[in-house]
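Hi,

Here is the structure I promised to pass on. Have a look first, and my notes follow below.

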Amino acid sequence: MSRFRITATLAVAALALAACSGGQSATSESAGASTGPAESLTVYSGRSEELIAPLFAKFTEETGIELAARYGDSAELAAQLVEEGDASPAAVFFSQDAGALGAVDAAGLLAPLPAGAADAVPPAYRAPNGHWTGVTGRGRVIAYDGEQLTAAEVPTSVFDLTDPAWKDQVGIAPTNASFQSFVTAMRLTAGDTATKAWLEGLVANGVKKYEKNGLILDAVDAGQIKLGLVNHYYWYEKAAEVGAENMRAQVAFTAPADPGTLVNVAGVGILSGAADNPAAQQFVSWLLSPSAQQWFVENTYEYALVPGVAQAEGLPALDSLRGPDVPLAELADLPGTLMMLQDVGLL
Amino acid sequence: MSRPGQASRTLVALSGVTALVAVTPLAYLLIRVLDAGPEKIASSLLRSRTLTTTVTSIELVLVVVAACLIIGVPVAWLLARARLPLKGLWIVLAALPLAMPSYVAAYAWIAEFPAMSGFWAAALILALVSMPYVIIPTTAALRSIDPAMEEVARSLGRKPWSAFWFAAMPQAWPAAAAGSLLVGLYVLSDFGAVALFRVDAFTRVIYTSYRASFDRTSAAVLAVVLVLLAAILIYAERRVRGRTARWRTGSGSARRATEIDLTSRQRVMAVLALTGLAILGLGVPAFSLLRRLSEGTRRPLDLVELATATASSFGVSLLGSLLAVGLALSVGVLAARYRTRSSRALEAVSYSGHALPGVVVGLSLVSLTLVVLPAMYQTVAALALAYAVLFLPKSIGATRTSVAMVPPVLEQTARTLGRGPLRAWLETTFRLSLPGIAAGGLLVLLTAMKELPATLMLRPTGLDTLATELWSRTEIAAYGAAAPYALTLIAVAAIPAWLLTRASDRASRSADGGTEAPARSPLSTVGT
């Protein structure tokens with residue numbers, strides 16, 4: 001009898017406790033720490049946790065604002081933001097590319113950035129309507145196996161990659177936002193028909209799919225494939241780690257105006273539901289501060305977009321990269337690109 | 001409260017709630033699909049991708065099932081009928097891969113052989129981890145068959161093999177067939193291995209299309225097709241299992257089959273074969289994990305992070321299991337005590353989770369919480385609900401068998417001694433069946449801790465579990481950093497599973513004659 005009572009009491013207590021803890025964590029996720037709603041920030045981050053979590057920690061350390069990050073591919077998070085609409089718990093979208101930001105903005109979900117916040121960023125790297133701004137710049141490059149190929153043998157146009165000479169030798173990362181933006185740029189410069197034909201040509205040519213740019217570079221560096229489409233900084237990151245002289249993989253830029261050398265940004269926008277959230281505004285300004293820009297230069301080998309911050313050593317100047325003539329704000333048709341990638345079976 | 005033989009209204013109402021909760025993800029998915037309109041459904045269905053995905057998934061199921069039968073049945077024969085050294089060890093080794101989530105096994109192989117990818121890689125790993133589904137029940141069946149039939153066949157002039165094949169094997173086929181259908185269900189629902197090896201089977205295509213599309217209709221349509229295929233397999237499994245009849249030649253008590261002496265050459269071959277299987281299923285993953293662990297990583301292991309992930313996994317899974325136990329109680333009691341058509345229907349509906357792969361429940365609950373229950377969106381509560389729906393069948397099964405073992409007369413006696421209906425029930429049936437119910441809850445807890453796809457889709461922002469931490473590290477090929485998480489997951493899965501198996505072994509030995517529940521324990525205990 002008394003044993004039964006103890007058991008029953010325990011069971012009820014456990015259930016009650018469970019209910020409480022469930023509710024508690026639920027509210028803490030959406031409203032943040034006890035310091036009040038103004039001091040918390042939910043960021044949807046298309047940039048990977050491994051890369052960017054230390055920077056977020058630095059932000060919290062310097063400002064005291066708790067930051068909860070939800071990581072995913074930029075396109076995935078953009079689609080999620082559109083699905084969530086006004087109900088989104090996110091205050092800031094930190095995208096790996098301009099296209100995903102453009103897509104969320106096209107859905108009417110981005111608020112204007114605070115006046116003057118992004119003035120230091122050159123106009124080419126932020127939205128004309130002031131709804132998002134680039135934080136860092138990056139260029140698309142072709143990574144090639146320096147043991148099997150000389151620089152002169154590397155194709156000068158991505159359109160050559162469907163050539164049978166490169167059968168089973170090309171690596172791409174179709175779920176990666178930078179790749180998707182590059183496809184969008186190709187659609188804008190070469191047209192949908194030619195782009196789709198090119199993608200189908202890649203598939204027919206046995207293109208290798210990878211989850212991440214870093215894995216493509218590893219495969220090229222290991223001699224598993226001869227060519228890979230990646231962003232420039234992956235090479236510099238790896239070279240810094242293992243020593244440039246130990247790199248089997250090398251990088252090449254395509255001919256001027258070829259979509260293969262698209263210059264893109266990783267950037268941020270504030271969701272319209274958080275238009276007045278001071279923490280969100282502070283976060284955006286902080287990302288453009290010299291110290292944060294310096295952090296990117298030193299840790300990710302991207303281009304700082306704010307003048308006065310020295311670029312990483314060995315990088316060609318940002319304005320010397322000659323990509324296709326496509327304004328970043330026009331890369332917004334991410335849904336169309338995703339559909340095309342699914343149609344040809346790459347996604 | 002109720003006349004004898006008739007369930008109380010409260011019990012039926014509570015069971016109705018359970019059935020409603022269990023069927024909600026599927027129902028909402030259907031609503032969402034129908035809502036898209038016939039044109040969109042048709043265009044999603046008729047895309048060539050739907051066809052290739054279906055073909056890939058079915059091929060994968062067939063290849064893995066064939067491998068499990070071709071290898072698993074002879075292994076079961078060895079374990080059941082041959083006299084071998086270290087028999088107990090081989091039996092344990094053959095069952096152990098079941099404790100390893102497919103994505104852990106896949107990760108371990110990829111870490112060792114980074115070039116592994118594609119259909120055959122996934123088929124290999126899935127066959128290795130799901131082989132026990134065939135080996136365990138077939139071994140049990142072969143052991144329990146009365147040798148009398150075979151002896152009759154021998155006396156009529158059959159050679160030993162022929163006698164075995166025509167007299168004994170037909171009695172073991174239903175077990176093997178039911179096991180292979182479970183393998184098929186496992187393969188169809190598996191997300192981890194096909195995703196890591198980049199095979200475009202249903203679960204991966206649904207997940208990709210959920211993530212990389214601004215319109216989730218096609219993901220939902222594919223999910224419905226997947227559930228249909230799973231339901232077909234479950235139906236087939238029920239039919240096959242129902243046919244498990246044992247032939248007997250006499251009315252006396254059955255004997256156990258005698259073990260056969262192999263020639264020394266045959267014995268060596270048998271031990272080599274069993275060793276080879278154990279190396280592939282357990283040795284390679286263990287070697288790979290330990291090597292990764294000893295090699296260290298770029299960033300040193302963050303013990304706080306590992307502890308936090310373990311605590312998060314445990315916390316959410318505990319919530320899910322408590323919810324499952326609470327929901328299962330009414331249906332379990334109803335099913336154990338009142339076998340009517342409506343109670344059967346309520347029980348069947350509550351088993352929905354059995355046919356729902358994690359990726360499907362995740363997909364449905366993301367939309368459901370966002371659209372209908374915004375307060376639950378991206379909360380621990382939504383994730384716990386997903387676990388409860390997915391693993392409710394385990395909890396109902398445990399509740400049902402343990403309640404059925406309590407004689408109803410105890411409760412009736414308590415009533416005659418003046419207890420109210422609820423109190424009488426609490427003091428007799430509930431109290432006696434509590435250990436079994438709790439074991440069911442523990443089982444749900446362990447299974448939920450290994451769950452991957454629904455966790456990826458539903459977890460609150462900032463919440464990392466063991467499974468998601470392992471996943472994100474594997475995705476960026478940080479194999480060394482993933483190893484501690486993989487080992488923790490295996491420990492989580494294996495140690496308590498072993499304790500449970502031991503406990504139920506003891507129970508089956510003490511309950512003379514043995515009952516249905518413990519006899520089925522190895523499979524229902526460890527299976528995902």
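One thing up front: this is a predicted model. I went through the places where its parts meet, beginning inside chain B.

**Inside chain B**

Between domain 1 and domain 2 of chain B, three residue pairs are in polar contact, counting pairs with both residues at pLDDT 80 or more. On the domain 1 side of chain B, the elements that each give at least two residues to the meeting with domain 2 are α1 (9-35), α16 (358-371), α20 (453-458), α21 (466-475), α22 (479-510) and α24 (521-526). The largest share of that side is from α22(B), with eight residues. By class, the same side of domain 1 of chain B holds 28 nonpolar residues, four polar ones and two charged ones.

As for where those domains run, domain 1 of chain B covers 7-31 + 298-528, and domain 2 covers 47-244 + 266-276. In total, 34 residues from domain 1 of chain B and 36 residues from domain 2 of chain B take part in the contact. The centres of these two domains, taken over C-alpha atoms, are 24 Å apart. Together they bury about 3,100 Å², and 80% of that is on carbon and sulfur atoms. How many salt bridges are there between domain 1 and domain 2 of chain B? The count is zero.

There is also a record to compare by eye: an unreviewed UniProt entry lists residues 54-235 and 310-500 of chain B as "domain: ABC transmembrane type-1". The span 54-235 of chain B is 80% helix and 0% strand, and its end C-alpha atoms lie 19 Å apart.

**Where chain A meets chain B**

Here 42 residues of chain A and 39 residues of chain B make the contact. The two chains bury about 3,800 Å² between them, with 54% of it on carbon and sulfur atoms. Six salt bridges are counted between chain A and chain B. To see a salt bridge for yourself, go to Lys209(A) and Asp200(B), whose side chains meet at 3.9 Å, N to O. There are also 13 residue pairs in polar contact between the chains, both residues being at pLDDT 80 or more.

Which parts of chain A supply at least two residues each to the side touching chain B? They are α1 (2-31), β1 (40-45), α2 (49-63), β2 (66-71), α3 (74-84) and α11 (334-343) of chain A. Of these, α1(A) gives the largest share, ten residues. That side of chain A is made up of 21 nonpolar, seven polar and 14 charged residues.

**Inside chain A**

Chain A is split as well, into domain 1 (38-137 + 264-322) and domain 2 (138-262 + 335-343). Their C-alpha centres are 25 Å apart. The contact is between 25 residues of domain 1 of chain A and 23 residues of domain 2 of chain A, and about 1,800 Å² is buried between the two, 54% of it on carbon and sulfur atoms. Within domain 1 of chain A, Gln96(A), Asn264(A) and Arg322(A) lose the most area to domain 2, together 32% of what that side buries.

Two salt bridges are found across this interface of domain 1 and domain 2 of chain A. Elsewhere in my notes on chain A, I have Arg138(A) in a salt bridge with Glu302(A), their closest N and O atoms being 2.9 Å apart.

Happy looking!

Conventions
Residues numbered from 1 in each chain as written. Chains lettered and ligands numbered in written order. Predicted model: local features only at pLDDT ≥ 70, side-chain atom pairs only at ≥ 80, totals over all residues. Heavy atoms only, no water. Domains from an automatic or database assignment. Contact = heavy atoms within 4.5 Å. Buried area = accessible area lost by both parts, 1.4 Å probe. Salt bridge = Lys/Arg side-chain N within 4 Å of Asp/Glu carboxyl O. Polar contact = N/O pair within 3.5 Å; in protein donor to acceptor, adjacent residues only side chain to side chain. Helix = DSSP H or I, 4+ residues; strand = E, 2+ residues; numbered from the N terminus. Nonpolar A, V, L, I, M, F, W, Y, C, P; charged D, E, K, R; others polar. UniProt positions renumbered as here; feature names shortened; annotations may be inferred.
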